[in-house]
Amino acid sequence: MKNILLLTQNVTKTYGDFVALSDISIDVRKAEIHSFLGPNGAGKTTLIKILATLLKKDSGSIQIAGVEIDRSENEVRQIIGYVGQDTERSAYARLTVRENLLFFAKIRGMSQSDAEDRIIELSEKFGLNEKIDCQFGHLSGGQKQSAVIIRALLHDPLLLFLDEPTKGLDPFAARKIRGYLKDYVSKRGRSIFLTSHILSEVEFLSDRVSLLHKGVVGITGNPEDLIESIGFPEMVCLRRSCLTPSVIKSILTRDHIIRSIELDDQWIGFGIDDTYEGMDSILSVLKTTGIKSEVQHRQVSLEDAFIHFIGHPGERFTVKEAA
């Protein structure tokens, strides 16, 4: 328990008959980035708003740094930071970036000198120093997002909640932010609770990942564990439109073919346990049946694990813990 910064037990949230979250029990450790993945409507934003004291849960318990949020929301708010998806409403459009940040720093109880030093430090790291005296409303979408992330970091929170933090950013800005967040955790010993639809971002940043679907946490583990738990290290992908059910069945009976995974409407993947033998088995079936399909070979990714565990739309996955 000494290493646990955030602990939730059986957290539930409903809207009428709709169950948004069901018995969510998770933890975030000190100096860890814990990411939540799930399809649209899975409950990610609902959960992160509850944890950030912006939304009331129906039942269950939540502790942050040993403090029950139901008993002392104000105390919890002093040690957390939050970046939501509503960037436009997260700062005052007619104030400059500096004026906005000084205002929010004062609300946090920071001194003027400490706030100014921190603003200079963070604006340089996020590449916003040349826009620091521009009105927030005149910034680009990516610059606004960077300013809002700086706002959340001003008071050096123990735990930072980020709901799709690089959404709308260009690749260079996104890379810079990811690098800073990684250093923020490793060098300052802080923790981050993150949601994102960018699977490569989650794989790069995360110490652990939880998959959320229809309000249920299905599996938690580090990215490598989740990928390994699929059961095969690499796959061969074929065009779905080129394959008949009988051809798919024939491929699955061959040696070194573990199973198939439906990647999307266009591609189907076949997990293999040996690069050359597995590829040869698949190509021999295609040759025998006279089928010509585009063929791709690649390593299994976190995106594949996501598809594997979430399953088809409307399907609930089995609740289990990664090894």
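The following paragraphs describe a four-stranded sheet, a hairpin, a buried lysine and the largest pocket of a predicted model.

Because the model is predicted, local features require pLDDT of at least 70 and side-chain atom pairs pLDDT 80 or more, while totals for chains, interfaces and linings use all residues. Residues are numbered from 1 along each chain as its sequence is written, and side-chain values use heavy atoms, without hydrogens and water.

The open sheet has four strands in the order β13-β14-β12-β15, paired antiparallel. Its edges are β13 (257-262) and β15 (295-299); each has a single partner strand, so one side of each lacks a neighbour in the sheet. On average, neighbouring strands are turned by 25° against each other, direction ignored; the axes behind such angles are lines fitted to C-alpha atoms, for helices over the stretch in contact, and angles run from 0 to 180 degrees between N-to-C directions. Strands here are DSSP runs of E with at least two residues, helices are runs of H or I with at least four, and both are numbered from the N terminus; two strands pair if DSSP finds at least two bridges between them. Within this sheet, β12 (residues 234-239) and β14 (residues 267-272) run antiparallel and are joined by six bridges, with V236 opposite F270 in β14.

A hairpin is formed by β10 and β11, with two residues between them, and K214 in the turn has a positive phi of about 55°. Five bridges join the antiparallel strands β10 (residues 208-213) and β11, and S210 has T220 in β11 as its bridge partner. Six of the six residues of β11 (residues 216-221) are buried, so this strand is largely enclosed by the rest of the structure. Buried means under 20% relative accessible area, exposed over 50%, and partly exposed in between, for a 1.4 Å probe and protein chains only.

K57 lies in the loop between α1 (44-51) and β5 (59-64) and is buried, at a relative accessible area of 15%. The side chains of K57 and D70 share a polar contact of 2.7 Å, and a polar atom of the K57 side chain lies 2.8 Å from the backbone oxygen of G60.

The largest pocket holds about 640 Å³ of space. Among its 26 lining residues, A52, L54, Y82, R108 and R151 are the closest to its centre. Elements giving two or more residues to the lining are α1, α2 (73-77), β7 (80-83), α3 (97-107) and α5 (141-153); the largest share, four residues, comes from β7.

Note on methods. Polar contact = N/O pair within 3.5 Å; in protein donor to acceptor, adjacent residues only side chain to side chain. 1 Å grid on protein atoms, 1.4 Å probe; cavity = no way out; pocket = protein on both sides within 12 Å on 5 of 7 lines; lining within 4 Å. Points joined across faces, edges and corners; volume = space filled by probe spheres on them.
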